[in-house]
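Biologist: I am new to this structure. Could we go through it together?

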Amino acid sequence: MNLELDGHIVLVTGSSRGLGRGLAASFLTEGATVILTGRDPHDLKAAAEHFRQRYGPGRVRAFLGDLGQQNLIDELARFVDQEFGQLNHLVCNIGSGRSVPPLKENAAEWQRMLEVNLLAAVSGVRGLLPLLQKSAAPADDATSITFISSICGVEPLGCPVAYAAAKSALISYAQNIARPLGPQGIRVNVVSPGNIIFPGSTWEDKLAKDQQAVEAMLKREVPLQRLGTVAEVANVVLFLASSRAAFVTGANWVVDGGQTRL
Ligand SMILES: NC(=O)c1ccc[n+]([C@@H]2O[C@H](COP(=O)([O-])OP(=O)(O)OC[C@H]3O[C@@H](n4cnc5c(N)ncnc54)[C@H](OP(=O)(O)O)[C@@H]3O)[C@@H](O)[C@H]2O)c1
């Protein structure tokens with residue numbers, strides 16, 4: 001299926017490694033121009049150089065900085081404005097489930113988890129919305145925001161509590177802003193991945209520590225009985241950004257091999 005994302009400008013927050021890097025690669029494969037972000041200069045440079053060699057220097061930009069800080073989001077918005085004058089797709093991917101066990105979280109941990117899993121995305125939308133609005137037109141379908149949540153935000157699964165609550169709030173935020181942004185021609189959706197494996201992922205660690213326990217969990221909890229891949233998440237993110245999903249907004253797409261029941 002041709003997703004017709006050729007020449008589209010896409011910003012994937014948190015794309016120097018992990019899932020975000022895989023999402024960036026998939027957009028580049030489809031012919032889009034991608035802006036990568038991250039805080040670690042080595043990871044960001046490595047990702048940008050790899051992509052420039054593979055897809056050509058003109059289609060890759062990199063922005064270094066902590067997007068938990070509003071002033072850096074504003075700086076990123078100025079950078080995108082100077083480079084492209086508009087933005088077609090924003091993918092809010094920054095997030096982390098690394099936290100303390102349930103009921104061990106204190107106020108500071110709650111604040112940290114809300115900042116990384118909810119407020120970074122909210123601030124990102126606030127800062128970048130004017131550029132999305134420049135590319136959007138009512139009744140057009142080529143402008144989108146996609147949030148990366150988690151199945152932890154969909155139903156109680158024993159995940160860290162503050163992570164689960166922040167990801168639930170992210171889904172609610174997305175669904176609520178989809179309403180006022182729809183008439184402006186900006187579609188807003190969420191992708192909630194399940195257990196995804198990639199180099200450096202927590203599932204790689206868990207498999208190395210106790211492969212049998214992971215396999216038993218997959219057999220018990222996941223109808224498709226395996227971990228998911230970054231490409232499988234990216235396929236859904238790309239589809240939602242594309243005009244093939246022209247009538248889809250305010251939706252939460254779960255990519256989890258059937259693990260959740262709600
Ligand atoms: N991995 C899974 O199985 C899984 C499952 C469900 C949902 N998810 C969700 O998918 C998203 C990505 O997860 P992941 O496992 O790929 O995470 P990850 O491996 O920790 O990568 C996170 C990326 O975001 C960047 N980043 C983090 N904080 C940032 C900040 N304040 N400003 C700018 N960049 C920042 C990181 O680079 P720096 O550290 O250099 O900044 C990195 O590029 C998260 O929202 C996560 O909740 C993941």
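The exchange below turns to the strands and then to the surroundings of the ligand.

Modeller: Please keep in mind that this is a predicted model.

Biologist: Understood. Let us start with β4: which residues are buried on its two sides?

Modeller: Strand β4 covers residues 89-92. His89 and Val91 are buried on one side, and Leu90 and Cys92 are buried on the other, so that both faces are covered.

Biologist: Why do those residues split in that way?

Modeller: In a regular strand, side chains alternate between the two faces of the sheet.

Biologist: Which strands pair with β4, and in what sense?

Modeller: Strand β1, residues 9-12, pairs with β4 in the parallel sense over three bridges. Strand β5, residues 143-148, also pairs with β4 in the parallel sense, over four bridges.

Biologist: Which residues stand opposite each other there?

Modeller: Leucine 11 stands opposite leucine 90 of β4. Cysteine 92 has phenylalanine 147 in β5 as its bridge partner.

Biologist: What unit do β4 and β5 make with helix α4?

Modeller: Together with α4, residues 107-135, the two strands make a right-handed β-α-β unit.

Biologist: Now the ligand. Which residues come nearest?

Modeller: There are 27 residues around the ligand, and Gly14, Gly18, Arg39, Asp40 and Gly95 come nearest.

Biologist: And which element supplies the largest share of that shell?

Modeller: That is α1, with three residues. Both α1 (18-29) and β2 (33-38) supply at least two residues of the shell.

Biologist: How many of the shell residues are nonpolar, polar or charged?

Modeller: The shell has 15 polar, seven nonpolar and five charged residues.

Note on methods. Residues are numbered from 1 along each chain as its sequence is written. This is a predicted model: local features need pLDDT of at least 70, side-chain atom pairs count only at pLDDT 80 or more; totals for chains, interfaces and linings use all residues. A residue is near a molecule or strand if its C-beta atom, placed from the backbone, lies within 6 Å of it. Ala, Val, Leu, Ile, Met, Phe, Trp, Tyr, Cys and Pro count as nonpolar, Asp, Glu, Lys and Arg as charged, and the others, Gly among them, as polar. A residue is buried if 20 or more other C-beta atoms lie within 10 Å of its own, exposed if 12 or fewer, and partly exposed in between; C-beta atoms are placed from the backbone. Two strands pair if DSSP finds at least two bridges between them. A crossover is right-handed if, with the strands pointing away from the viewer, the path from the first strand over the helix to the second runs clockwise.
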